[in-house]
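Open the structure in your viewer and keep the selection tool at hand. The tour below names what to select at each stop and what is there.

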Amino acid sequence: MRIGVLTGGGDCPGLNAVIRAVVRKGEKEYGYEFVGFKDGWRGPLEGLTMKLDVAATRGILPRGGTILGSSRTNPFKIDGGVEKIKENLAKMGVDALIAIGGEDTLGVATKLDSLGVKVIGVPKTIDNDLNNTDYTFGFDTSVNIAVEAIDRLHTTAESHHRALIVEVMGRHAGWIALHAGIAGGASCILIPEVKFSVDQVCKWVESRFEQSYAPIIVIAEGAIPQDGDMITKDQTLDAFGHVKLSGIGEWLASQIEAKTGKEARTSVLGHIQRGGSPTAFDRVLATRFGLQAITAAHEGDWGKMVALHGTNIERVPLASATAKLKTVDPARYKEAEIFFG
Ligand code: F6P
């Protein structure tokens with residue numbers, strides 16, 4: 001069998017570990033050949049390929065990013081896009097695809113599956129918001145990056161008696177903020193799922209100063225104030241209809257300064273959370289996902305996504321991954337509230 005592999009959407013640490021595991025087991029155990037499709041769905045759409053064999057995947061396990069490149073190309077937004085993909089796969093003798101991606105990439109994979117393309121999905125996103133898997137790889141790495149930043153910000157916040165705000169990624173799900181905030185001992189955590197009151201945040205800031213500590217506020221980029229809207233960078237949309245976020249941290253800092261008279265500054269972690277080497281947890285999870293994905297292809301179990309349930313790697317219908325977003329349960333958020341203020 002000849003299998004095409006692609007990585008789509010925002011990159012995330014662990015993508016290369018999946019590619020390596022797929023190719024290693026596929027070549028060694030099943031004798032399959034691989035085609036690396038470059039830059040997400042743009043690869044099969046425009047016939048952009050690279051050599052993908054065991055030799056090409058040596059040394060990539062600890063490397064961040066993806067050797068295949070990525071993009072947010074949506075073939076369903078391009079005239080004749082799906083036909084072009086089918087035509088290119090047939091021309092190159094590619095029998096099936098392994099698509100590694102988040103809600104957008106796997107959404108496309110789900111539609112292609114229903115149109116007869118043989119496809120297996122592998123869930124990735126630092127946001128951890130894909131349904132039907134306990135965790136996605138990349139999440140643990142980005143939480144660790146955010147925690148390291150919070151640890152560093154504590155000491156400078158104390159020295160200057162400032163409120164420091166850390167803006168982390170997370171459009172609709174506050175998993176990174178919640179986990180990094182708990183692990184980093186934040187004075188409050190603000191997530192998209194629960195609208196926040198600026199006055200309440202100011203009370204927590206003041207009470208933290210009263211205890212002679214400087215407050216650290218962890219806020220997800222998609223967090224929304226009770227009497228306001230999500231803050232976007234501009235109005236442009238990508239091919240999947242997403243706006244660019246960021247700015248809520250700065251906005252909150254100005255509110256805190258105006259309402260408490262305390263100095264407040266913001267650090268936006270941005271793409272630092274997506275870069276660099278994956279943690280050991282993510283390397284293991286990504287490797288196990290890759291091994292299960294190629295086994296699923298070998299067994300002809302098309303239209304499935306590999307998923308983590310407890311400690312087991314299982315297969316679930318691709319469509320279930322994107323049926324809804326896995327957001328933070330209010331009860332999970334409540335657990336953290338005892339540490340606020
Ligand atoms: O989906 C992953 C993610 O990192 C989000 O957390 C973030 O909102 C978005 O991608 C940023 O996308 P881009 O890199 O295209 O600006």
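In which loop does Thr 279 lie? Select Thr 279: the loop runs between strand S11 (264-268) and helix H9 (280-298). Helices (H or I, at least four residues) and strands (E, at least two) are DSSP runs, numbered from the N terminus. The model is a predicted one, in which local features need pLDDT of at least 70 and side-chain atom pairs count only at pLDDT 80 or more, while totals for chains, interfaces and linings use all residues. Residues are numbered from 1 along each chain as its sequence is written, and side-chain values use heavy atoms, with hydrogens and water left out.

Stay on Thr 279. Its relative accessibility is 18%, so Thr 279 counts as buried. Buried means under 20% relative accessible area, exposed means over 50%, and partly exposed is in between (1.4 Å probe, protein chains only). Now add Asp 140, Thr 141 and Asn 144 to the selection: Thr 279 is in contact with these, leaving aside its neighbours within four places in sequence. Contact means heavy atoms within 4.5 Å.

**Aromatic pairs**

Rings of Phe, Tyr and Trp (its six-membered ring) pair if their centres lie within 6.5 Å; planes under 30 degrees apart count as stacked, over 60 as edge-to-face and the rest as tilted. By this rule there are six aromatic pairs. Select Tyr 30 and Tyr 32, a tilted pair with 5.4 Å from centre to centre and 40 degrees between the planes. Tyr 30 and Tyr 32 are both buried.

Next select Tyr 135 and Phe 281. Their ring centres are 6.3 Å apart and their planes stand at 85 degrees, so this pair is edge-to-face. Tyr 135 is in the loop between strand S5 (119-123) and helix H5 (139-160), and Phe 281 is in helix H9, so the pair ties together parts 146 residues apart in sequence. Tyr 135 is partly exposed, at a relative accessible area of 29%; Phe 281 is also partly exposed, at 42% relative accessibility. Add Phe 139 to see the cluster that ring pairs make of Tyr 135, Phe 139 and Phe 281.

**Charges over rings**

A charge sits over a ring if NZ of Lys or CZ of Arg is within 6 Å of the ring centre and within 35 degrees of the ring normal. Select Lys 111 and Phe 76: the charged end of Lys 111 sits over the Phe 76 ring, 4.5 Å from its centre. Then select Lys 326 and Trp 175, where the charged end of Lys 326 sits over the ring, 6.0 Å from its centre.

**Helix H3**

Select residues 81-92, which form helix H3. Which residues of H3 are buried? They are Gly 81, Val 82, Ile 85, Asn 88 and Leu 89. These residues cover an arc of only 125 degrees around the axis, so they are on the same side of H3. The arc is that of the directions from the helix axis to the C-beta atoms. Exposed on the other side of H3 are Glu 83, Ala 90 and Lys 91. Show strand S2 (33-37), helix H2 (42-46), strand S4 (96-101) and helix H4 (103-114) as well, since what covers the buried residues of H3 includes these elements. Just after H3, Gly 93 has a positive phi of about 70 degrees.

**The whole chain**

Finally, select everything. The protein has eleven helices and 13 strands. Buried residues make up 55% of its 341 residues. Its C-alpha atoms fill a box of roughly 70 × 40 × 30 Å, taken along the principal axes.

Conventions
The expected span of a helix is 1.5 Å times one less than its number of residues.
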